[in-house]
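Visitor: I would like a close look at a single part of this structure, with the surroundings brought in where they help. Please state the cut-offs as you go.

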Amino acid sequence: MSDGTVVVWDERLLAYDLGEHPLDPVRVELTMALAREFGVLDRPGVRLVTPEPADDAALTRVHEADYLTAVRAAAHDPFFVGHGLGTADNPVFAGMHESSALIAGASIAAAEAVWRGEARRAVNVSGGLHHAMPDRASGFCVYNDPAVAIARLLDAGAERIAYVDVDVHHGDGVQHIFYDDPRVLTVSLHETPLALFPGTGFPDETGGPGAEGSAVNLPLPPGTGDAGWHRGFAAVVPSVLRAFRPQLLVTQCGADAHRLDPLADLRLSVDGQRAAYLALRDLAEELCDGRWVALGGGGYALVEVVPRAWTHLLAVVTGEPVEPARLTPPAWRDLARHRRPERETPLRMTDDADPAYEPWQPGGEPDAVDRAILATRKAVFPLHGLDPYDPRD
């Protein structure tokens, strides 16, 4: 197996453009520009791969054929409504099928590179469209590229794939698609569905018949910051992954849990997000011989947060992390101001936050985060042979 990293990238991926919409492709453009300025994409062992669109055979492993027909037709009818399309969340746009299929193809390329041993890690920051359902668009997502990539891995012979979703929204589409498949463990940390779209992701969603324990959900209260988020992550994610013993780790790394994100109410910092990527890297190293496929996701602080967060992700995936105290390069700041002059351009790669946390303990006076942790552990840990009250599990 190669020790290198594949970065799947082509400017055509920016064509997934919903118009005047929170999901603006400028966040991906600025991410890649910032990573390039730091030399992350030019590191030894990093190979840029140009993706090809996913074909209908790949897409219909996850999506219904009638839905693909609707996506193609909708792009030629500005008044199209149906299959979740033609809504404020999922407006119709020119080239919708082609751009969506290209993102899915990029995630397939990342997954295949790792599974075939061509790279130990691979990343597609344009991916992570985790809300799309088999027969409909949802939550800004037309095709569910994480699920399409995981399906390709299963078809290639994978027996245990772990999917960890750190987007602020529940990874509902991926969970739904694999809910009855014991070969796929879906783990999602998100703001409580009592307060946020899509309204799913409760602790008692633990997998279908024959796949009990294959879905793990940690819904966190609004206002949760770095310390609480990482306490929850450490109290749930390593234990269930170790019990599952995945062959490969797929992660959806949405940047919208940040405190500046306009669409949600968790309070993470860029430093906390960077620490999450390091934790995911360490779990891939421990459990999967380093095999890790990282995807993007949500993130609507287009200049202030997403480019910094995902540049940290790209740096972690490709080798050495970027030091938080580093200044953003002047050339990148000029580009960001040119693209979005109304946005504040960050000067440094840090929010000057400390992501340290106190480990979870079952006793004492629990706060809302601790209660969420215990609810998740009680719901799913016994299904993996783990003790929900033992902090060593």
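Guide: A residue is called buried when its relative accessible area is under 20%, exposed when it is over 50%, and partly exposed in between, using a 1.4 Å probe and protein chains only. By that rule threonine 206, the part I will look at closely, is buried, since its relative accessible area is 13%. The model is a predicted one, in which local features need pLDDT of at least 70 and side-chain atom pairs count only at pLDDT 80 or more, while totals for chains, interfaces and linings use all residues. Residues are numbered from 1 along each chain as its sequence is written, and side-chain values use heavy atoms, with hydrogens and water left out.

Threonine 206 sits in the loop between β5 (184–191) and β6 (215–220), where strands (E, at least two residues) and helices (H or I, at least four) are DSSP runs numbered from the N terminus. If contact is taken as heavy atoms within 4.5 Å, and residues up to four places away in sequence are not counted, threonine 206 touches Ala211, Glu212, Gly213, Ser214 and Ala215, and also Tyr179, Ala379, Val380 and Leu383.

For the setting of that residue, the chain holds 11 helices and 8 strands, and 61% of its 393 residues count as buried. Among the contacts in the chain with a separation of 6 or more, 76% are accounted for by residues 24 or more positions apart. The radius of gyration, taken over C-alpha atoms, is 19 Å, which agrees with the value near 21 Å for a compact globule of 393 residues, the globule rule being 2.2 Å times the number of residues to the power 0.38. Along its principal axes, the C-alpha trace spans about 55 × 50 × 45 Å.

Another loop offers a counterpart to threonine 206: valine 81, placed between α3 (65–74) and α4, counts as exposed because its relative accessibility is 63%. The C-alpha atoms of valine 81 and proline 91, which are 10 residues apart along the chain, are separated by 9.1 Å. Helix α4 itself (residues 96–115) has 17 of its 20 residues buried, so it is largely enclosed by the rest of the structure. Its end C-alpha atoms lie 29 Å apart, in agreement with the 28 Å expected for 20 residues, where the expected span is 1.5 Å times one less than the number of residues. Just after α4, glycine 117 takes a positive phi of about 85°.
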